[in-house]
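Please examine the sequence and the three-dimensional model shown below. The paragraphs that follow lead through its elements in turn.

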Amino acid sequence: MPAPPCASCQAARAALRRPRSGQALCGACFCAAFEAEVLHTVLAGHLLPPGAVVAVGASGGKDSTVLAHVLRELAPRLGISLHLVAVDEGIGGYRDAALAAVRRQAARWDLPLQVVAYADLFGGWTMDAVARSTAGAGRSRSCCTFCGVLRRRALEEGARLVGATHVVTGHNADDMAETVLMNFLRGDTGRLARGGGLGSPGEGGSLPRCRPLQLASQKEVVLYAHFRRLDYFSEECVYAPEAFRAHARDLLKRLEAARPSVVLDLVHSAERLALAPAAQPAPPGACTRCGALASRALCQACALLDGLDRGRPRLAIGKGRRGLDEDARASAQSPRAAALPSF
Ligand code: SF4
């Protein structure tokens, strides 16, 4: 049976049905609709004002590739300029190939590229070294806990190097729903309360950060990359299978099979969540070492690096934080304080 005509242009044959709406569209009309929806997200949320210098967190993967491509299409209408900022975490057998994809994108789209490396920013620590340090007797399960915190700091540093006023990341709706689910499963009310919305306005001297693809489903991100013939790196990080996120992803897939709207429902739930007054954390202050925003004596990045330097990486995770914080107040001028860039 021939495909139906495109519901938008009526001229071409439909090439897909949109996963959420079921609308039959040709590739060109789908891509135009996808870009219009991202434009609406940015404008309605006041995410990127005219004149913004935007650092796009570029990993070489599908999400950041689609984000960079869409924002490049929209840049003239939004009045923004773009820089790609890539983070080299130091993951052998994975990151070099992903960075090669980012370099090809920068060349093809004529976008400036800044690469920042964990080894340079964090006193020689790479993710491979962190994995060895945290592995104990088996494989490390906490790599992504370290990497998530350090990557956020590295992206901020890269964005400052290029004079950016805003940072954008390629998180899509599925990523956000997984994060909400993980925070629920860990009982992490602080992150749940902070995690809603389309980004953060830039507290404590950090740059405003947003996620223009947060309402786009992973399936549509893949479809957009396919119809726009985008060149991206699709292999999974070697540490990803050990991450707790993998369990949340599996659970979400099963929930989605029973209730297709579950991904967006979770994203919108997080936007509306508010902590009861008695459960509110204390207002954040400044890290005693680097000055970044911190809810304890040390920010997360300094706490994790401190534990690694002491040869006790788990010190900075969970209950071990308390002892670290007390030490930190007494030793705000440690050698690590000089290694992490100050805010
Ligand atoms: Fe880092 Fe984990 Fe992502 Fe690998 S999967 S790049 S370790 S956050």
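**A guided reading of the model**

Helix α12 is mostly covered, with eight of its 10 residues buried. The model is a predicted one. The buried residues of α12 are Ala301, Cys302, Ala303, Leu304, Leu305, Asp306, Gly307 and Leu308. Just after α12, Gly311 adopts a positive phi of about 75 degrees.

The helix α12 also belongs to a wider nonpolar assembly. The largest nonpolar core has 44 residues, and those with the most contacts inside it are Tyr118, Phe122, Met127 and Cys299. At least two residues of this core are supplied by each of β4, α3, α4 (118–121), α5 (127–134), α6 (143–161) and α12 (300–309). Helix α6 provides the largest share of this core, eight residues. A second core, separate from it, has 42 residues, including Cys29, Val54, Leu111 and Cys210. In soluble globular proteins, nonpolar side chains tend to be buried together.

Among the contributors to the largest core is strand β4, and the next step is to consider its surroundings. Why is strand β4 largely enclosed by the rest of the structure? Six of the eight residues of β4 (residues 81–88) are buried, that is, under 20% relative accessible area, and the strand is therefore largely enclosed by the rest of the structure.

Strand β4 has pairing partners in β3 and β5. Strand β3 (residues 53–57) pairs with β4 in the parallel sense, over five bridges. Within this pairing, Val53 has Ser81 of β4 as its bridge partner. Strand β5 (residues 113–117) also runs parallel to β4, and five bridges join the two. Here Ala86 stands opposite Val115 of β5.

Helices connect these parallel strands. Helix α2 (residues 62–78) forms a right-handed β-α-β unit together with β3 and β4. Helix α3 (residues 95–109) forms a right-handed β-α-β unit with β4 and β5. Strand β4 therefore takes part in both units, as the second strand named in one and the first strand named in the other.

Helix α2 contains Asp63. Is this residue, Asp63, buried or exposed? Asp63 has a relative accessible area of 14%, so it counts as buried, the cut-off being under 20%. Asp63 lies 155 residues from Gln218 in sequence, yet their C-alpha atoms are 8.2 Å apart in space.

Attention now turns to the aromatic residues. The structure holds five aromatic pairs. One of them joins Phe34 and Tyr224 in a stacked arrangement, 4.8 Å from centre to centre and with 25 degrees between the planes. This pair links distant parts of the chain, for Phe34 is in helix α1 (residues 27–44) and Tyr224 is in helix α9 (residues 218–227), 190 residues apart. Both Phe34 and Tyr224 are buried. Phe34 and Tyr224 also form one aromatic cluster with Phe30 and Phe227.

The ligand remains to be considered. Which residues are around the ligand? They are Glu89, Ile91, Cys144, Cys147, Arg151, Cys237, Tyr239 and Ala240. By class, this shell comprises six nonpolar residues, two charged residues and no polar ones.

Notes. Residues are numbered from 1 along each chain as its sequence is written. This is a predicted model: local features need pLDDT of at least 70, side-chain atom pairs count only at pLDDT 80 or more; totals for chains, interfaces and linings use all residues. Side-chain values use heavy atoms; hydrogens and water are left out. Buried means under 20% relative accessible area, exposed over 50%, partly exposed in between (1.4 Å probe, protein chains only). Helices (H or I, at least four residues) and strands (E, at least two) are DSSP runs, numbered from the N terminus. Two strands pair if DSSP finds at least two bridges between them. A residue is near a molecule or strand if one of its heavy atoms lies within 4 Å of it. Ala, Val, Leu, Ile, Met, Phe, Trp, Tyr, Cys and Pro count as nonpolar, Asp, Glu, Lys and Arg as charged, and the others, Gly among them, as polar. A nonpolar core is a set of buried Ala, Val, Leu, Ile, Met, Phe, Trp, Tyr and Cys residues joined through side-chain atoms within 4.5 Å. Rings of Phe, Tyr and Trp (its six-membered ring) pair if their centres lie within 6.5 Å; planes under 30 degrees apart count as stacked, over 60 as edge-to-face and the rest as tilted.
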